[in-house]
Amino acid sequence: QRKPRLAVFFVAMFLVATVHQFLAMAHLLLFGKKATRGFAHFLMGSFYGWFGPFLWGPFVFEGAENLPRADEPCIYLANHQSSVDFCSIYTFPNKAHVVAIAKSSMKYLPGFGLMTGLSGGIYISRGKKGTMAMMLELGKKRIADGLSIGIFPQGTRSVPAKGVPLKPFKKGGFILAVECQVPVVPFTLLYPDDFMSSPGAPKGVRIIVHPKVQPGDDADALMEKVEKVVTTPLIEAKEALPDRRTDKKEN
């Protein structure tokens with residue numbers, strides 16, 4: 001089931017984004033960059049907000065009352081486990097305009113790369129000198145424009161597995177929160193163990209929205225606090241999973 005469903009997901013994503021990019025480019029020529037950010041975000045949200053749950057099952061929220069107002073600039077931070085993760089932000093009940101910080105290679109994805117950029121997304125080159133300074137500069141501009149920032153601080157996907165440590169958080173998003181003095185909205189994405197491979201109807205995604213955390217003046221302390229909040233449900237869930245390392249040794 002995994003390959004056919006993923007194939008449908010990516011093909012539909014690229015086809016719809018390719019159509020959307022022409023609408024967004026026309027809007028850009030008529031109304032300018034800042035106005036087009038909202039329009040591009042609306043187009044992406046109108047598709048992914050229903051297509052994600054349609055294909056992968058319901059996105060069930062716990063703690064939705066912890067979400068801030070849509071017009072309050074915040075930094076949304078979550079664990080990164082799947083290619084489906086980015087869909088979650090478009091299902092949030094508060095309908096906030098959250099722009100992504102993504103690796104630069106994603107800008108070349110057909111349609112999707114341009115739409116992410118037009119909606120206000122920030123592309124960064126990992127490991128390249130000056131990347132942090134550029135991310136902070138552009139992030140501050142987005143915050144000043146009233147937008148929120150979405151980051152997966154683990155950087156790359158980290159699938160919970162019993163006996164395997166989760167990838168640690170990186171500090172960039174927390175430095176941005178402290179320098180801009182905006183709150184962090186931590187949320188945890190929890191997938192069934194057989195999310196990508198289960199036969200029949202997909203089981204969906206559980207999203208735990210935690211109370212927002214004020215930035216304070218210490219990025220390290222903020223990161224430590226948020227990382228614990230986000231990963232605690234993951235650690236509890238993965239302890240209930242079978243130990244795949246043992247299974248491999250026995251096989």
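How do the residues of the lining of the largest pocket divide into nonpolar, polar and charged? In this predicted model, the split comes out as 24 nonpolar, 15 polar and 7 charged. The pocket itself has a volume of about 1200 Å³. Its lining takes in 46 residues, and Ile101, Ala102, Lys103, Arg126 and Phe152 are the ones closest to its centre. Quite a few elements chip in: helices H1, H2, H3, H4 (131-144) and H5 (172-180), along with strands E3 (98-103) and E5 (148-151), each give two or more residues to that lining. E3 supplies the largest share, at 6 residues.

Then there is the enclosed space. The structure holds 1 cavity of 30 Å³ or more, and the largest cavity has a volume of about 40 Å³. What lines it? The residues are Val16, Ala17, His20, Met44, Phe47, Tyr48, Phe112 and Met115. By class, that lining is 7 nonpolar and 1 polar, with no charged residues. Three helices each bring at least two residues to it, namely H1 (2-31), H2 (33-56) and H3 (112-118). H1, H2 and H3 also turn up among the elements lining the largest pocket.

On to the helix packing, starting with H4 and H5. The axes of these two helices come within 10 Å and cross at roughly 45 degrees. An angle from 35 up to 65 degrees falls outside the parallel and perpendicular ranges, so H4 and H5 count as oblique to each other. The crossing in which H4 passes H5 is right-handed. On the H4 side, the residues involved are Met132, Met135, Leu136, Gly139, Lys140 and Ile143; on the H5 side, they are Gly172, Gly173, Ile175, Leu176, Glu179 and Cys180. Sorted by class, this contact has 7 nonpolar, 3 polar and 2 charged residues.

H5 has another partner in H6 (residues 219-239), with the two axes 9 Å apart and an angle of about 120 degrees between them. H5 and H6 are therefore oblique to each other as well. Which hand does the crossing of H5 and H6 have, left or right? H5 passes H6 in a right-handed crossing. From H5, the contact uses Phe174, Ile175, Ala177 and Val178, and these meet Ala219, Leu222, Met223 and Val226 of H6. The class count here is 8 nonpolar, with no polar and no charged residues. Ile175 of H5 shows up in both pairings, in the contact with H4 and in the contact with H6.

Terms used. Residues numbered from 1 in each chain as written. Predicted model: local features only at pLDDT ≥ 70, side-chain atom pairs only at ≥ 80, totals over all residues. Heavy atoms only, no water. 1 Å grid on protein atoms, 1.4 Å probe; cavity = no way out; pocket = protein on both sides within 12 Å on 5 of 7 lines; lining within 4 Å. Points joined across faces, edges and corners; volume = space filled by probe spheres on them. Helix = DSSP H or I, 4+ residues; strand = E, 2+ residues; numbered from the N terminus. Nonpolar A, V, L, I, M, F, W, Y, C, P; charged D, E, K, R; others polar. Axes fitted to C-alpha atoms, helices over the stretch in contact; angles between N-to-C directions. Parallel < 35°, antiparallel > 145°, perpendicular 65-115°, else oblique. Left-handed = near helix turned anticlockwise from the far one by under 90°. Contact = heavy atoms within 4.5 Å.
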